[in-house]
Amino acid sequence: MREYQDTLLDPGKCALLVLDVQPQMFFGAEGSFQNTVMLHLKGLAKAARVFHVPCILSTIAATAFAGPLYSGVQEVFAQAVPIDRTSLNAFEDGNVRRAVESSSRKKLLLAGLWTEAGVTFTALSALHEGYQVYLVEDACAGMTKPAHEAAVSRMEQAGAVRVTWGQVLLEFQRDWSDRETSGAVMDILTEHGGGAYRMGLEYAQEMLGR
């Protein structure tokens with residue numbers, strides 16, 4: 001078992017809370033976020049699964065308004081039943097609160113839609129309750145880019161730590177000699193890293209495989 005400095009994210013001390021990743025919420029998100037945030041959310045979910053991080057999934061008004069949880073996240077945690085709410089602030093929902101508390105983890109990774117509403121309200125309440133909140137910034141989306149950026153700034157000023165999904169994944173891994181997880185981490189980066197980095201990984205795997 002690897003040892004972690006307290007300043008680093010230890011998967012054994014983290015829980016992931018994913019909020020409101022639903023069709024109606026995606027429709028309202030600023031266009032440039034829509035495709036990338038779906039890719040990042042799925043990569044983040046896979047990171048949590050590989051490192052056995054408890055994942056709490058929650059929706060808002062799933063049957064009345066916003067629709068079901070995004071299948072790309074649901075399929076990673078096929079047995080998990082999303083907790084549906086009416087409150088914008090997930091920490092004002094008793095079932096979500098109990099699910100987070102039952103994880104016994106004080107470092108809370110937070111991602112979802114919309115940044116300026118449910119994500120912000122939940123982050124502020126979690127901070128107030130003594131949780132260390134890590135906002136997975138590129139796995140969140142707001143209705144506009146300024147709204148997203150203002151919300152991120154507000155959460156940071158309140159004490160949340162800004163991270164990215166790839167940073168979380170690599171911080172969990174830390175050492176490529178750990179073969180128990182390194183293969184899965186490389187697979188996640190290859191599928192969800194995007195752009196030239198993904199091409200580089202594919203090239204490296206091809207060359208090393210010769």
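User: How many bridges join strand 4 to strand 5, and what makes them a pair?

Analyst: Happy to explain! In this predicted model, six bridges join strand 4 (residues 107-113) to strand 5, and the two run parallel. Two strands pair if DSSP finds at least two bridges between them, so these strands pair. L109, for instance, stands opposite Y134 in strand 5. Strands here are DSSP runs of E with at least two residues, helices runs of H or I with at least four, numbered from the N terminus.

User: What makes the crossover from strand 4 through helix 6 to strand 5 right-handed?

Analyst: With the strands pointing away from the viewer, the path from the first strand over the helix to the second has to run clockwise. The β-α-β crossover through helix 6 (residues 115-128) is right-handed. Strand 5, helix 7 (residues 145-158) and strand 6 also make a right-handed β-α-β unit.

User: Why is C55 called buried?

Analyst: Buried means under 20% relative accessible area, exposed over 50%, partly exposed in between (1.4 Å probe, protein chains only). C55 has 18% relative accessibility, so C55 counts as buried. C14, at 0%, counts as buried too.

User: How many disulfides does a search of the whole structure find?

Analyst: Zero. A disulfide is a pair of cysteine sulfur atoms within 2.5 Å.

User: Which rules stand behind these values?

Analyst: Local features need pLDDT of at least 70, side-chain atom pairs count only at pLDDT 80 or more, and totals for chains, interfaces and linings use all residues. Residues are numbered from 1 along each chain as its sequence is written, and side-chain values use heavy atoms, leaving out hydrogens and water.
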